[in-house]
Amino acid sequence: MLIKRGSDIKSREITDRALYLDRRAFMAGAAALALAPGAARAAAPAGGPPLAATRNPTFTLPDTPTKFQDATTYNNFYEFGMNKDDPAQLAGSFKPRSWKVQVDGLAQKPKTFDLDDVLRMAPLEERVYRLRCVEGWSMVIPWIGFPLSTLLKRVEPTGAAKYVEFTTLLDPEQFPGQRKGFLSFGGLDWPYTEGLRLDEAMHPLTLLTVGMYGQVLPNQNGAPIRVVIPWKYGFKSAKSVVRIRLTSDEPKTAWNKAAPQEYGFYSNVNPKVDHPRWSQATERRIGEFRRRETLMFNGYGDQVASLYTNLDLKKFY
Amino acid sequence: MTRRGRVVLKVVIWAACLAPLAWLGHRAWDGDLTANPISFITNWLGDWTLRILLTSLSMTPLRVLFRWSWPITLRRLLGLFAFLYVTLHFSTWLVLDHFFAWREMWADIVKRPYITVGMAALVLMIPLAATSTAWAIRRLGGANWQRLHRLAYLIGVCAVLHYLWLAKKANPDPYYYAAWLLVLLAIRAGDWVRRRAVRLSAAPRPAPQRGEGV
């Protein structure tokens, strides 16, 4: 059952978040100055432990990044609850460490990686990506990570591998949204699974992500490790991933199982293919007032359109 | 119920129906309308429209079940508050969400079933709000007025469908409202059957008082 939990602490008794962030920023700034004066980041918003990364100039955007506060309090992460503010309110006790990611299936060298091994696998890059939610809103987020292809190459996919399946942690103790209650119905089949074609997974844009806004990935954003596929609707980018499996058949995906006529396997951002119940032609960028036009492949057409030359995007939505 | 009791009841209804607006104003003042204020305002007003509308539709069933007369005196007030909220809900969509993009909105009304039924509910509420005065009842005559105001149930059905069809599959909330409406409709249907049976069996005697005064 979904129980709305009111906080015992009145909101006015909590230190104002802006003040709190200022204090963190001050501390982080002071630390950065003390430790590495040359590397002090310009206006790094703080909140969690900092995570060093080099900005990749190939993946920047002219768009202003979404406010850190908005990107960490307005989330769809149904493992914590259906409301946008549930993840921020309920993720505090989530334990992103220690963490292992099992990478197996059709691979020559399947392996279970400790998170620390993953973090050392490749230099961390910062990339600014657009994020378009299937619900019609969007954000611009500076992620930190490295291409998923780096990890996949480590396990050496066999010739039979055609798809990749991602599985999110199943743990009703930590994820209240996964608990079965007296009145719970509808909902998704847990654990959450998502999938990509192997060529999509190997695409340089597909990012294995461990941080954002210059810091370790906050719990409500899919800590400690998630994928980000910027040309697809947000739900394709699985969070808190524990398993990455190479398969020969198209994996079953959580939203497709729940509503197959509404959420396809591909789910590429496409202003011309409406959700059956609403238009996808426009979106509201969080922080802006007027709607803006949604771009084909979320603006990444130059890089990814060639993946779909022989695919009817209306049929394979 | 005493006159004093009725006054207290109305004051309570006024306070209860204005509280969600006051709360919204308070959150706006605090700058606490979430990262997506327009969506938050729309949903907040929509939720409260549905709650107040279904509460207004619950008054007659309450009388049927418990033979209280006081709920009937609250129907008009609740109905008008539901109309206030739906007007604000619609205005948010019109002004804040689409900023008078008429063509886009018309396309949505025609193409999206959840918007079609939502608009239908809104449009059907207009004549009901317009004929909510004692003058209008006299003008229309009680029977006509009553027939017109049975539209309230159709409005309830449209409003519940509006929410059912727009919500994601995983969201159980619209089903609770649907269950609420079904219970109300079942009580009204049961009452209709009972009255018919009474009328048929006691045809020569004078018909029982309907007592559906305003």
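At roughly what angle do the axes of helix 2 (residues 37–57) of chain B and helix 10 (residues 173–201) of chain B cross? They cross at roughly 15 degrees and come within 10 Å. This is a predicted model, where local features need pLDDT of at least 70, side-chain atom pairs count only at pLDDT 80 or more, and totals for chains, interfaces and linings use all residues. Residues are numbered from 1 along each chain as its sequence is written, while chains are lettered from A and ligands numbered from 1 in the order written.

**The helix pair in chain B**
- That angle makes helix 2 of chain B roughly parallel to helix 10 of chain B (angles under 35 degrees count as such).
- Helix 2 of chain B brings L50(B), L54(B) and L57(B) to the contact, and helix 10 of chain B brings Y177(B), W180(B), L181(B) and L184(B) (contact means C-beta atoms, placed from the backbone, within 7 Å).
- By class, these residues are seven nonpolar, no polar and no charged.

**Nonpolar cores**
- The largest nonpolar core has 56 residues, and I141(A), W143(A) and L148(A) are among those with the most contacts inside it (core members are buried, with 20 or more other C-beta atoms within 10 Å of their own, and joined through C-beta atoms within 7 Å).
- Strand 5 (residues 137–147) of chain A gives this core its largest share, six residues.
- A second, separate core of 28 residues includes L53(B), V117(B), I155(B) and L184(B).

**Where the chains meet**
- Chain A puts 20 residues into the contact and chain B puts in 14 residues.
- On chain A's side, the split is 10 nonpolar, four polar and six charged residues.

Terms used:
Buried ≥ 20, exposed ≤ 12 C-beta atoms within 10 Å, placed from the backbone. Helix = DSSP H or I, 4+ residues; strand = E, 2+ residues; numbered from the N terminus. Contact = placed C-beta atoms within 7 Å. Nonpolar A, V, L, I, M, F, W, Y, C, P; charged D, E, K, R; others polar. Axes fitted to C-alpha atoms, helices over the stretch in contact; angles between N-to-C directions. Parallel < 35°, antiparallel > 145°, perpendicular 65-115°, else oblique.
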